[in-house]
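Biologist: Before we discuss any label attached to this model, I would like each one set against the rule that produced it. Could we take the terms in turn?

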Amino acid sequence: MKTVSQHPSSCVWSPLLSIGIISSLVSLLIGPLAFSQSNNQTSERPNEGSLFGGADSKAPSPLPAETLTGKHRDSEELGSARPERDAFASGEVKDNPLQIGGTFYQRMNMSFQQGVTTGDTPLSMPLQFDAFLDSRPSDRIRGFIDERLLFDSTRDQYGKTTNGTSAGSSQFSSGGAAPQGAFGPPATPVPNNPQMVLDQAWIKFDIDRTVFVTAGKQHVKWGSSRYWNPTDFLNTQKLDPLLPYDLRLGSSMLKLELPLEAHQTNVYAITTFDNPQPASTLGQMGEALRVEKVIGHAEVGLDAIYRGGVAPTYGADVSTPLGPFDVYADVAYLTAPPNSIYQIPNGLVSGADLSNQYTTTGLQGGQFQTSCGINYSFAWKENRQATIGTEYFYNQNGYTNSSAYPILIFLGQYQPFYTGRQYAAVYLTAEGPDAEKHTSYTFSTIGNLSDSTFVSRVDFSWRLLTYLTFEAYVDGHYGAQGGEFNFALATPTLTYHGSTIPSANIPASVVDLGMSLRLGF
């Protein structure tokens with residue numbers, strides 16, 4: 001590997017910061033704080049949105065921002081702030097202290113590629129089955145665990161295709177962008193199909209009905225944008241905005257929430273245990289702090305995260321109505337570049353060692369990522385709503401063309417929807433015309449403005465029965481071939497540190513077609 005210039009950056013993190021933040025919150029408990037009462041009751045069972053880390057919805061729809069509206073979320077989940085008797089402690093019988101449920105989510109995806117016959121068209125059928133236990137022995141404590149089974153009947157026990165080209169796993173991907181894992185160094189295969197993963201496992205309780213604590217593997221999403229979330233610091237995996245639900249796994253953390261309802265403010269202090277990697281030492285742990293406040297009609301969030309071995313990152317987000325429109329923006333400031341810039345100056349030479357065919361360039365100084373959007377909701381017919389909107393994303397550390405994509409994919413540095421310098425999206429969501437309001441539609445186009453590629457997509461959702469939803473989509477890829485949304489890959493046989501890398505050939509996808517069934521119980 002040739003190095004043009006590299007300026008590694010990392011921060012020296014001290015566990016004293018963790019002690020300081022936690023101690024500061026604990027000290028707040030000593031003072032007399034008064035909060036207004038909340039009369040919201042807990043729901044009977046977790047909705048499907050909570051299982052997938054997002055809001056419950058009947059169809060693909062804009063991902064909602066976490067709103068305050070003068071209330072705090074954790075206290076609402078635990079129950080009313082009004083003191084009530086503990087049914088277990090009093091000896092009374094408590095209805096449904098333990099609930100069992102889950103979600104069955106079966107998808108089928110087909111990708112029609114250039115120059116590929118119908119019989120050789122790639123097919124995937126990712127299955128995700130979630131089973132959860134939800135325990136609420138009293139109004140002040142709740143325990144939740146969600147285990148997920150992953151299986152794809154179109155892959156072998158190692159998750160590989162048995163014919164044609166492999167575009168990587170589709171368990172957490174919509175397939176709308178260039179695939180991860182399609183081209184990489186030699187690795188010993190490990191059986192992973194099927195596999196069991198832990199999505200969530202947490203306990204929630206309050207301290208004197210003042211500070212609300214959630215400890216364990218959980219979902220926390222920051223930011224107000226629909227497609228790009230630069231301030232979503234607490235998730236190690238980026239959201240695929242073309243998926244109708246957030247299928248990412250939860251992160252392990254200790255979250256403390258201090259609601260100041262009189263000031264319409266929430267304060268969060270979070271200790272992370274697996275971001276960006278599992279913390280095996282105290283120095284690898286991280287700390288995050290967030291303040292949310294309602295100012296007039298606007299909702300504003302300020303956050304910061306400090307992680308062992310990673311430079312501090314700061315963020316802000318705002319969402320507000322502006323006349324008939326809703327506008328929002330997220331800004332992230334990375335005090336040091338998250339990675340170097342890779343280039344392949346002379347193309348890939350057959351038989352040559354790949355490590356000598358690319359260069360890295362280190363960046364200096366802080367880097368900005370920002371997203372902003374505007375949408376407008378209207379009645380497209382009587383008692384039927386629709387929303388039209390647009391969003392823009394700027395990634396200072398992103399690439400201005402697609403020439404480096406092969407080496408990024410090979411080294412595991414490629415991140416769909418966050419690799420280019422500039423992106424934009426337009427969308428329209430609408431309730432269907434059926435009398436029962438069981439159908440909905442989403443029309444969207446996402447473009448990587450830096451490599452001039454685009455994907456246009458139509459999503460349809462139909463709630464067939466009370467607990468059963470049918471979904472379907474079709475999309476088309478166009479623009480400069482080889483770019484993110486019109487991806488194609490053709491590499492010669494290479495070597496890498498003495499190991500042979502077989503040639504790779506992934507034709508460009510023209511049209512993708514998918515269907516799914518989702519059963520919540």
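Biologist: Which residues form a nonpolar patch on the surface, and what makes them a patch?

Modeller: The model is predicted, so local features need pLDDT of at least 70 and side-chain atom pairs count only at pLDDT 80 or more, whereas totals for chains, interfaces and linings use all residues. Residues are numbered from 1 along each chain as its sequence is written, and side-chain values use heavy atoms, with hydrogens and water left out. The patch consists of Phe112, Phe443, Val458, Val474, Val510, Val511 and Leu513, which together have about 460 Å² of accessible area. Patches are made of residues with over 30% relative accessible area and no salt bridge, like charges being joined within 9 Å and nonpolar side chains (Val, Leu, Ile, Met, Phe, Trp, Tyr) within 5 Å; the areas come from the Shrake-Rupley method with a 1.4 Å probe, and for residues only the protein chains shown count as cover.

Biologist: Why is Phe112 called partly exposed?

Modeller: Its relative accessible area is 31%, and the rule calls a residue buried under 20%, exposed over 50% and partly exposed in between (1.4 Å probe, protein chains only), so Phe112 falls in the middle class. Phe112 lies in strand β2 (residues 98-113), while the largest share of the patch, 3 residues, comes from strand β26 (residues 509-520); strands (E, at least two residues) and helices (H or I, at least four) are DSSP runs numbered from the N terminus.

Biologist: Is Tyr105, also in strand β2, buried or exposed?

Modeller: Tyr105 has 2% relative accessibility and therefore counts as buried. The side chains of Tyr105 and Glu471 are joined by a polar contact of 3.2 Å, where the term requires a pair of N or O atoms within 3.5 Å, one able to donate a hydrogen and the other to accept it within protein, and residues adjacent in sequence count only if both atoms are side-chain atoms.

Biologist: How many cavities of 30 Å³ or more are there, and what makes a space a cavity?

Modeller: The count is 6, a cavity being a set of points, on a 1 Å grid over the protein atoms alone, where a 1.4 Å probe fits but cannot get out. The largest has a volume of about 140 Å³, a volume being the space filled by probe spheres set on the points, which are joined across faces, edges and corners. Of the 16 residues that line the largest cavity (lining residues have an atom within 4 Å of a point), Tyr105, Pro244, Arg457, Tyr473 and Ser516 are the closest to its centre.

Biologist: What makes Arg148 and Asp130 a salt bridge?

Modeller: Their closest N and O atoms are 3.0 Å apart, and the rule asks for a side-chain nitrogen of Lys or Arg within 4 Å of a carboxyl oxygen of Asp or Glu, so the pair qualifies. Arg148 lies in strand β5 (residues 141-152) and Asp130 in strand β4 (residues 126-138), so the pair ties together parts that are 18 residues apart in sequence. Arg148 has a relative accessible area of 0% and is therefore buried, and Asp130, with a relative accessible area of 0%, is buried as well.

Biologist: How do you know that Arg142 and Asp134 are paired, and why is Arg142 called buried?

Modeller: The closest N and O atoms of this salt bridge are 2.9 Å apart, and Arg142, with a relative accessible area of 7%, is buried. Asp134 counts as buried at 1% relative accessibility.

Key. 1 Å grid on protein atoms, 1.4 Å probe; cavity = no way out; pocket = protein on both sides within 12 Å on 5 of 7 lines; lining within 4 Å.
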